[in-house]
Amino acid sequence: MASDPLSPPLLQALVGDEAVAALFSSAAELAAMLRVEAALAQAEAELGLIGEDAAFRIAEACGSFDPDWNALAKGLAQDGVVVPELVRQLRRAVGEPHDRSVHLGATSQDIVDTGLVLRLKDLAALLVGRIAALTESLRLLKARDGAVPLMAHTRMQQALLFTAADKLDTWIQPLERHAEALREMLPRLLALQLGGPIGNRETFRGHGDALADALAERLGLGFAPAWHSQRDRIGEFAAWLSLVSGTLGKMGQDVALMAQNEVGEVRLASGGSSSAMPHKSNPVQAEVLVAFARFNAGLLGTLYQGLVHENERSGAAWTLEWLVLPQIAEATGAGLAKAQALAEGMRFVASASAGKSG
């Protein structure tokens, strides 16, 4: 259930993001699901649904769990979800008489979705930090080069004179809004998933809401009714990721245009070389930002198809989500890293057209 690489290994050097990809790795996913299973047992013991000794043993087994990865892969291929085989292995690790208390009342989607939310919490923190760093770098660039005169362009034609500060504001202001939007979204996104087989918590013997509250507190997540077939949280977050990529794509497009030899309004610290034309310095980082923006815009439409869950749960829509969301996340993370490198290594130069107009 971990994502495939965003692209083939060689291309990863250009478009990959190791820190984001690690959050969607098999190891990270398994660790998150084991954390959920351990916390579920502890919360159930707190409410008297299982014994304290059973909860202790389950948590202990989760902490030292050594998976049979081949069996997990085969189970995933057969069941369409890894949790049934994981629970079988975990019950063996726990052993009698406490094995029957493992995963009590829960369904696979409770474990997978809550594990995903735990990883999205880490992803959000990572991206918030990168947006803050990029915004600060752009503000420093504005303080240094903001007075440089540039020629504004509307519809790709020379318009009127303005300054580098005016250009930079068109990059900074959306980033500030994205940061604020994520802060407002996080309480909705970082919500526990616990519903049992059909989402009504009836398998928790009348303690469903209390159990969800206790589990959410243990995991540092928000309480919410089960949302098995309500994927608006994931859709909203994916849209936010795509908006960030779009803003970075606008920045990249501007830089690529301003870096043209005949325009010459920015100088980049480094550029890509040409195999045939040694004199060239291609704005590679800027170009990749444009590619990420278009890539995520397309993937967002695909992910939105996952909003169409039939009845109480969908295997097809859920699987689609697993395929697409990691790619959107990694492209966004990589874009922020490349935008940071651009911001730190560029400087504005008064264009010849601005000089003539002045």
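In the predicted model, Val-349 touches Val-148, Leu-150, Gly-264, Glu-265, Val-266 and Arg-267, when residues up to four places away in sequence are not counted. Val-349 itself belongs to the loop between β4 (346-348) and α13 (352-357). Its C-alpha atom is 53 Å from that of Arg-35, a residue 314 positions away in sequence. That separation may be set beside the overall dimensions of the C-alpha trace, which spans about 85 × 40 × 35 Å along its principal axes.

The protein chain comprises 13 helices and 4 strands. Of its 358 residues, 51% count as buried. Among contacts between residues at least 6 apart in sequence, 77% join residues at least 24 apart.

Two helix pairings involving α10 were examined. Helix α7 (residues 108-145) packs with helix α10 (residues 232-258) at an angle of about 25°, and their axes are 13 Å apart. Since angles under 35 degrees count as roughly parallel, α7 and α10 are therefore roughly parallel to each other. The crossing in which α7 passes α10 is left-handed. On the side of α7, the contact is made by Leu-116, Leu-120, Leu-123, Leu-127, Ile-131, Leu-134 and Leu-138, while α10 contributes Ile-234, Phe-237, Trp-240, Leu-241, Val-244, Leu-248 and Met-251. By residue class, this contact of α7 with α10 divides into 14 nonpolar residues, with no polar and no charged ones.

The second pairing joins α10 to helix α8 (residues 164-189), with an angle of about 170° and a distance of 10 Å between the axes. Because angles over 145 degrees count as roughly antiparallel, this geometry makes α8 roughly antiparallel to α10. The residues of the contact of α8 with α10 divide into 15 nonpolar, 3 polar and 6 charged. Charged and polar residues are thus present in the contact of α8 with α10, whereas the contact of α7 with α10 has no polar and no charged residues.

Aromatic side chains were considered next, and the structure holds 3 aromatic pairs. One of these is formed by Phe-237 and Trp-240, whose rings are stacked, with 5.9 Å from centre to centre and 10° between the planes. Phe-237 and Trp-240 are 3 residues apart in helix α10 and are therefore separated by about one helical turn. Both Phe-237 and Trp-240 are buried, and both are among the residues of α10 that make the contact with α7.

Another pair is formed by Trp-318 and Trp-322, whose ring centres are 4.7 Å apart and whose planes meet at 55°, so that the pair is tilted. Trp-318 and Trp-322 lie in helix α12 (residues 315-345), where a spacing of 4 residues places them about one turn of the helix apart. Trp-318 and Trp-322 are both buried.

In helix α6 (residues 83-94), attention falls on Gln-89. This residue counts as buried because its relative accessibility is 5%, the cut-off for burial being under 20%. Gln-89 touches Phe-65, Pro-67, Asp-68, Ala-71 and Leu-72, again without counting residues up to four places away in sequence. By contrast, the C-alpha atoms of Gln-89 and Leu-336, which are 247 residues apart along the chain, are separated by 39 Å.

Backbone features were found in the loop that follows, between α6 and α7, where Pro-97 and His-103 are located. A cis peptide bond, with omega of about 0°, joins Glu-96 and Pro-97. His-103 has a positive phi of about 65°, although this residue is not a glycine. With a relative accessibility of 13%, His-103 therefore counts as buried.

A positive phi of about 65° is also found at Arg-201, likewise not a glycine. Arg-201 is placed in the loop between α8 and α9 (208-219), and its relative accessible area of 7% means that Arg-201 is buried.

Note on methods: Residues are numbered from 1 along each chain as its sequence is written. This is a predicted model: local features need pLDDT of at least 70, side-chain atom pairs count only at pLDDT 80 or more; totals for chains, interfaces and linings use all residues. Side-chain values use heavy atoms; hydrogens and water are left out. Axes are lines fitted to C-alpha atoms, for helices over the stretch in contact, and angles run from 0 to 180 degrees between N-to-C directions. Angles under 35 degrees count as roughly parallel, over 145 as roughly antiparallel, 65 to 115 as roughly perpendicular and the rest as oblique. A crossing is left-handed if the near helix is turned anticlockwise from the far one by less than a right angle, and right-handed if clockwise. Contact means heavy atoms within 4.5 Å. Ala, Val, Leu, Ile, Met, Phe, Trp, Tyr, Cys and Pro count as nonpolar, Asp, Glu, Lys and Arg as charged, and the others, Gly among them, as polar. Rings of Phe, Tyr and Trp (its six-membered ring) pair if their centres lie within 6.5 Å; planes under 30 degrees apart count as stacked, over 60 as edge-to-face and the rest as tilted. Buried means under 20% relative accessible area, exposed over 50%, partly exposed in between (1.4 Å probe, protein chains only).
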